[in-house]
Amino acid sequence: MIFVPNENNDPRINLAIEVFLLQEMKVDEPILLFYINEPSIIIGRNQNTIEEINKEYVDEQGIHVIRRFSGGGAVYHDFGNLNFSFIMPDDGNSFRDFEKLTKPIIQALHEMGVEGAELKGRNDLVIDDMKFSGNAMYATNGRMFAHGTIMFDSDINEVVKALKVRKDKIESKGIKSIRSRVTNIKPFLPKENQGMTTEEFRQEILLKIFGVSSTDEIKTYELTEEDWKKVNEISDQYYRNWDWNYGKSPEFEIERRKRFPIGSIDIRLNVENGKISEAKIFGDFFGLGDIKDVEDALLGVKYEKDALTTAVGSIDVKKYFGNIEPTDLLELIY
């Protein structure tokens, strides 16, 4: 097995490194990649991004939202979360075999004193029925990766806030995440090791996986300048690209209704490829002009805050609805 050292914290780069290793590093032995991301939500390939996140909170906190290549549900990453990826040839037997591909992680944790760690269900690692790791896989052109999270010392309050979706009615064809009770690994370590940082935990689990006492004994590959150029190209094509992170969401419908002093406004939207494809507005407000003008102004607009702010700003809100502000309409739509 080959280890690829990596100190980046940008998920847009780290996931691109993973894809680069999958596509470009055609070696016959497995590759191990670790990465620690700054606060981010990583969405499964077949999910509706908007449906999975607390968009208002995510925007306020500057949390990255990235769609990955593999399926499965949404996960929250922060500096207390260690992510691992095994990249390898697809032997035809390993895909979906989460028991086989999480075994090195479980064994390493057992050796570190976390004896209760185990695989449960299809792809979750748990302690006392509390999830600390979600896992997913992706295969293409005879190659595959199996990657997962290890919640070492994550801010669980942030996990709940960032992944807590507003209660507006959203109907989507995307794959929904299943929320589980979660826990960190840190409290289950022997007391003498509970002062570890995430980086120290990474170092220790690395040594255990390779069965060595020093990193000098580990076979490594350092990314070259040419490698980094390709990594950044992948990042730009996918993980820095709104069309990939949001626009690839399955078609979904939104219904939102609110009563204002001027009356109730009921907005219904269809969103395809991340853009509003149909808009209908109902209500008992008293406005001037044809409300179809407002509906038409929303068609083709990206379902994201900046684009919607611009679109709403072009509408004479008081003319069509009465005494409300553009921000009131924007908050109802988004």
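The protein carries 43 positive and 58 negative side chains, and the centres of the two sets lie 5 Å apart. Here Lys and Arg count as positive and Asp and Glu as negative, with His and the chain ends not counted; each charge is placed at NZ of Lys, CZ of Arg, CG of Asp or CD of Glu. Please keep in mind that this is a predicted model, in which local features need pLDDT of at least 70 and side-chain atom pairs count only at pLDDT 80 or more, while totals for chains, interfaces and linings use all residues. Residues are numbered from 1 along each chain as its sequence is written, and side-chain values use heavy atoms, leaving out hydrogens and water.

Now to the overall build. There are 12 helices and 14 strands in the protein, taken as DSSP runs numbered from the N terminus (helices are H or I with at least four residues, strands E with at least two). The C-alpha trace spans about 75 × 45 × 30 Å along its principal axes. Of the 334 residues, 51% count as buried, where buried means under 20% relative accessible area, exposed over 50%, and partly exposed in between (1.4 Å probe, protein chains only). Among contacts (heavy atoms within 4.5 Å) with a separation of 6 or more, 71% come from residues 24 or more positions apart.

Strand 6 (residues 81-89) is a good place to look next, as eight of its nine residues are buried. Two strands count as paired if DSSP finds at least two bridges between them, and strand 6 has antiparallel pairings with both strand 2 and strand 10. In the first of these pairings L32 stands opposite F86; in the other, M88 stands opposite M144. Further along the chain, strands 12 and 13 form a hairpin with two residues between them, and K258 has I265 of strand 13 as its bridge partner. The antiparallel pairings compare as follows.

| Strand | Partner | Bridges |
|---|---|---|
| Strand 2 (residues 31-35) | Strand 6 | five bridges |
| Strand 6 | Strand 10 (residues 143-151) | nine bridges |
| Strand 12 (residues 252-260) | Strand 13 (residues 263-272) | nine bridges |

I265 also appears in the largest nonpolar core, which has 45 residues; I265 is among the members that touch the most others, together with I41, Y303, F321 and I333. A nonpolar core is a set of buried Ala, Val, Leu, Ile, Met, Phe, Trp, Tyr and Cys residues joined through side-chain atoms within 4.5 Å. A second, separate core of 35 residues includes F34, I106, V114 and I205. In soluble globular proteins, nonpolar side chains tend to be buried together. Leaving aside neighbours within four places in sequence, the contacts of I41 include I53, V58, Y76 and L163.

Finally, a few loop residues deserve a glance. Most residues other than glycine have a negative phi. D129, in the loop between strand 8 (124-127) and strand 9 (130-140), has a positive phi of about 65 degrees although it is not a glycine. N141, in the loop between strand 9 and strand 10, likewise has a positive phi, near 50 degrees. D129 is partly exposed at 45% relative accessibility, whereas N141 is exposed at 76%. T197 sits in the loop between strand 11 (169-172) and helix 6 (198-210) and is partly exposed, with a relative accessible area of 36%. The C-alpha atom of T197 is separated by 8.9 Å from that of F152, 45 residues away along the chain.
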